[in-house]
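This report considers cysteines, backbone angles, one helix and the internal cavities of a protein model. The sequence and structure are shown below.

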Amino acid sequence: MTPAAAELAFRAAAVALLLVLAASLLSDFPNVLTARLGAVFALGSAAHAASYSVGISSLVPAWHAPLIAVLTGNIVVFWLFTRALFDDEFRLRRWHGLTWGLVTAFSFVSCLWIAPSGHLRFSVTAVNLIVLGFIALAIMQTIGSWSADLVERRRRVRVFIVCATALYGGLNALLQILAGSDVGDVANTVNTGVLASIVAAIAYAMMRVDGADLFPAAAEAAPAIAASQPVGEDAADQKLIDALMRLMADERIYRQENISIGVLAGRLKIPEYRLRRLINQGLGYRNFNVFLNSHRIEEAKAALADPAQAEVPVITIAMDSGFQSLGPFNRAFKAVTGVTPTEYRRLKVNAV
């Protein structure tokens, strides 16, 4: 088989797998933001697999510029997908769309005006540095959020998805920056072969994890603290759950700055993996930060409803409850109660 024929086969395999993956995500999880972002990223990656070549051979024609611009914007989709993948409460904001629009617009302008004006090397370098920047953001997001994930079965899969995609995208961006011209059929065959292998590995890894674990429904409510908790797998687990809840209720350990699952596991004298399992399977939480915030919000709700604390500023109540700033407190509070802290206080005052 010639390199050109092998390259075509690899491209076709990668495109087919990505299209199947996108269709599967949209059909199985049509209302889940993470799955929708994953499907959009898969579709963009399919277009990349069908059209991408290593190196710079010539200026792109005008009709090809919109495709290149959208493919460049796909790196923003990847970053947003990574954020949603590790944060069950992630929501899209207007500035996310604006960021995608700016990156896409810059790539479009680079293709039509910057590169043709004699600055081809600058254009390619600038666009790929943007790509590397968003890959770096995705990796930092993964590192920062990985420890808070309580669902053991999906933790390694999530990291593999992000790292494999980031590694491929990062190497391609560096190749585009360093390669001065078309590097030939062999390099493109190797590149498409690597892409097809990565896509196949990601699809296989996702099949080994329950879809509901990997893409939880955003509408699922967090477990209520006051509700009766499920009994652990055995008496030892239940004793640990009781000890954990005492730390929360009596010592209010959730107030501590930078409290981590490692610190909490140390207090209970158990390994981190066991504490994750207890909070996830015994108490029903999927994310450690959500678990902490549920206790913080319950304390804040009590303070806001207390007539004796009617003059206490909301920011003070937020800080006393363990939040480090007002913005995250307001967002977390509204996600749980449906109203802002100020509105909640007013409703409780009017109800008296």
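Cysteine 163 is partly exposed, with a relative accessible area of 39%, whereas cysteine 111 counts as buried at 11%. Here buried means under 20% relative accessible area, exposed means over 50%, and partly exposed lies in between, computed with a 1.4 Å probe on protein chains only. The structure holds 0 disulfides, a disulfide being a pair of cysteine sulfur atoms within 2.5 Å.

The model is predicted: local features need pLDDT of at least 70 and side-chain atom pairs count only at pLDDT 80 or more, while totals for chains, interfaces and linings use all residues. Residues are numbered from 1 along each chain as its sequence is written, and side-chain values use heavy atoms, with hydrogens and water left out.

Two residues other than glycine with a positive phi are set out here. Helices (H or I, at least four residues) and strands (E, at least two) are DSSP runs numbered from the N terminus.

| Residue | Phi | Loop | Relative accessible area |
|---|---|---|---|
| Arginine 252 | near 50 degrees | between helix H9 (235-251) and helix H10 (261-268) | 36%, partly exposed |
| Lysine 269 | near 60 degrees | between H10 and helix H11 (272-282) | 75%, exposed |

Glycine 322, just after H13, also takes a positive phi, of about 115 degrees.

In helix H13 (residues 314-321), the buried residues are Val314, Ile317, Ala318 and Ser321. They lie on the same side of H13 because they cover an arc of only 100 degrees around the axis, the arc being that of the directions from the helix axis to the C-beta atoms. These buried residues pack against H12, H14 and helix H15 (341-351), where contact means heavy atoms within 4.5 Å.

The model has 2 cavities of 30 Å³ or more. A cavity is a set of points on a 1 Å grid over the protein atoms alone where a 1.4 Å probe fits but cannot get out, and lining residues have an atom within 4 Å of a point. The second largest cavity holds about 50 Å³ of space, the volume being that filled by probe spheres set on grid points joined across faces, edges and corners. Its lining consists of Glu89, Val290, Asn293, Ser294, Ile297, Ala332 and Val336. Helix H12 (288-304) and helix H14 (326-337) are the elements that give two or more residues to this lining, and H12 provides the largest share, 4 residues. By type, the lining of the second largest cavity divides into 4 nonpolar, 2 polar and 1 charged; Ala, Val, Leu, Ile, Met, Phe, Trp, Tyr, Cys and Pro count as nonpolar, Asp, Glu, Lys and Arg as charged, and the others, Gly among them, as polar.

Methods. On a 1 Å grid over the protein atoms alone, a cavity is a set of points where a 1.4 Å probe fits but cannot get out, and a pocket is an open set with protein on both sides within 12 Å along at least five of seven lines; lining residues have an atom within 4 Å of a point.
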